[in-house]
Amino acid sequence: MKVQVLLSCMNEVDTSIVGRSNIQSDVVVVNQCGTDSTREFTFKNNKGEECRCKFINTTQRGLSNSRNLALKNAWNDICILCDDDEVFKDDYPEKIIMSYNGNPGYQLLFFEIGNRANGKTGYRKRIEINRRKSLAICSVQISFLRKAVIDSNIVFNPKFGAGVTQAGGEEHIFLYDCFKHGLKGLNVPIEISSLNENSSSTWWRGISREYLIDEGQVLRQLFGLFGGLAASTLFIIKKRDMIRTKLDLVAAYKAILRGVFRKD
């Protein structure tokens with residue numbers, strides 16, 4: 001088995017992100033920028049092993065489109081998602097391969113990430129991940145067997161994610177689709193990378209009416225109409241203190257319900 005990183009970034013002027021991210025395996029980089037071009041090259045990792053990079057510049061926008069383009073161009077057995085503020089540990093390929101070999105029957109493995117800027121610490125233990133538990137997973141924890149995802153015709157929904165909506169949620173919709181197709185997921189308490197503490201989110205702009213509408217759409221996509229209504233109510237209750245600093249709670253609830261009922 002071989003590992004491949006699927007790295008999404010924006011407006012990179014050269015290929016130096018491969019080194020900054022400490023990539024030690026094959027990698028597909030999708031750089032959303034102002035040009036369309038593709039470059040392939042090889043580089044040596046810290047062990048002197050030759051690795052292959054496919055670096056794709058594209059004018060296409062949206063994080064889901066970036067993930068899908070990377071997946072379409074991947075070739076190895078195991079894929080792991082990566083953002084431009086992530087730095088891998090030197091031995092991540094060995095840790096990932098060892099984890100898949102030691103956990104047969106799982107097509108999705110979720111790894112621990114250091115310096116989680118969103119305040120989530122992950123499960124920090126070996127635990128099977130189902131649809132509900134997957135809501136605590138962030139995108140850069142996700143790895144999967146490429147053939148299992150491709151054979152099930154699973155892609156990231158281009159209607160959701162950074163660059164399209166303010167609420168994100170594309171990784172959870174992706175995971176829900178995986179579980180619906182019978183794929184099994186496991187959280188592995190092994191840290192493989194860390195996030196740059198000085199980086200800032202490219203999509204989070206704080207609570208706003210537009211964010212809540214988008215969040216309502218995500219919840220509808222995940223849970224259906226009635227489940228989305230219940231989840232939206234719980235979201236407003238749970239986040240009420242944060243919401244009050246920006247919006248009246250009644251206005252916030254109306255906004256998230258508008259997203260739930262939106263049909264486009």
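Asn187 is buried in this predicted model, at 0% relative accessibility (buried means under 20% relative accessible area, exposed over 50%, partly exposed in between, with a 1.4 Å probe and protein chains only). Asn187 lies in strand 10, residues 185-195. Helices (H or I, at least four residues) and strands (E, at least two) are DSSP runs, numbered from the N terminus. The side chain of Asn187 makes a polar contact of 3.0 Å with the side chain of Glu112. A polar contact is a pair of N or O atoms within 3.5 Å; within protein, one must be able to donate a hydrogen and the other to accept it, and residues adjacent in sequence count only if both atoms are side-chain atoms.

Residues are numbered from 1 along each chain as its sequence is written, and side-chain values use heavy atoms, with hydrogens and water left out. Because the model is predicted, local features need pLDDT of at least 70 and side-chain atom pairs count only at pLDDT 80 or more, while totals for chains, interfaces and linings use all residues.Strand 4 (50-58) is mostly covered, with 7 of its 9 residues buried. Strand 4 pairs with two neighbours; two strands pair if DSSP finds at least two bridges between them. Strand 2 (residues 26-32) runs parallel to strand 4, and 6 bridges join them. Asn31 stands opposite Asn57 in this pairing. Strand 3 (residues 37-44) runs antiparallel to strand 4, through 8 bridges. Here Phe41 has Cys53 as its bridge partner. Strands 3 and 4 form a hairpin with 5 residues between them. In the turn, Gly48 has a positive phi of about 85°.

The structure holds 0 disulfides. A disulfide is a covalent bond between the sulfur atoms of two cysteines. The criterion applied is a pair of cysteine sulfur atoms within 2.5 Å. For Cys53, the closest cysteine sulfur is in Cys9, at 9.7 Å, so the gap is too far for a bond. Cys53 is buried, with a relative accessible area of 0%. Cys79 is in no disulfide either; the nearest cysteine sulfur, in Cys178, is 12 Å away. Cys79 is also buried, at 0% relative accessible area.

Two helices were examined for burial. In helix 2 (residues 63-72), 9 of the 10 residues are buried, so the rest of the structure largely encloses this helix. Its buried residues are Leu63, Ser64, Asn65, Ser66, Arg67, Asn68, Leu69, Ala70 and Leu71. In helix 5, 9 of the 11 residues are buried, so this helix is largely enclosed as well. Among the buried residues of helix 5 are Glu170, Glu171, His172 and Cys178. Just after helix 5, Gly182 takes a positive phi of about 90°.

Positive phi also occurs outside glycine. Asn11 has a phi near 55°. Asn11 is found in the loop between strand 1 (3-10) and helix 1 (17-20). Asn11 counts as exposed, at 51% relative accessibility. Asn153 likewise has a positive phi, near 55°. Asn153 sits in the loop between helix 4 (146-151) and helix 5 (170-180). At 68% relative accessibility, Asn153 counts as exposed.

Val87 lies in strand 6 (residues 86-88). Val87 counts as partly exposed, at 33% relative accessibility. Val87 and Glu215 are 128 residues apart in sequence. Their C-alpha to C-alpha separation in space is 29 Å.

The second largest pocket has a volume of about 190 Å³. On a 1 Å grid over the protein atoms alone, a pocket is an open set of points where a 1.4 Å probe fits, with protein on both sides within 12 Å along at least five of seven lines; lining residues have an atom within 4 Å of a point. Grid points are joined across faces, edges and corners, and the volume is the space filled by probe spheres set on the points. The lining consists of Lys2, Val3, Gln24, Ser25, Asp26, Asn45, Glu49, Glu50, Cys51, Pro93, Glu94 and Ile97. Strand 4 and helix 3 (92-102) each supply at least two of these residues. Helix 3 gives the most, with 3 residues. The lining divides into 4 nonpolar, 3 polar and 5 charged residues. Ala, Val, Leu, Ile, Met, Phe, Trp, Tyr, Cys and Pro count as nonpolar, Asp, Glu, Lys and Arg as charged, and the others, Gly among them, as polar.
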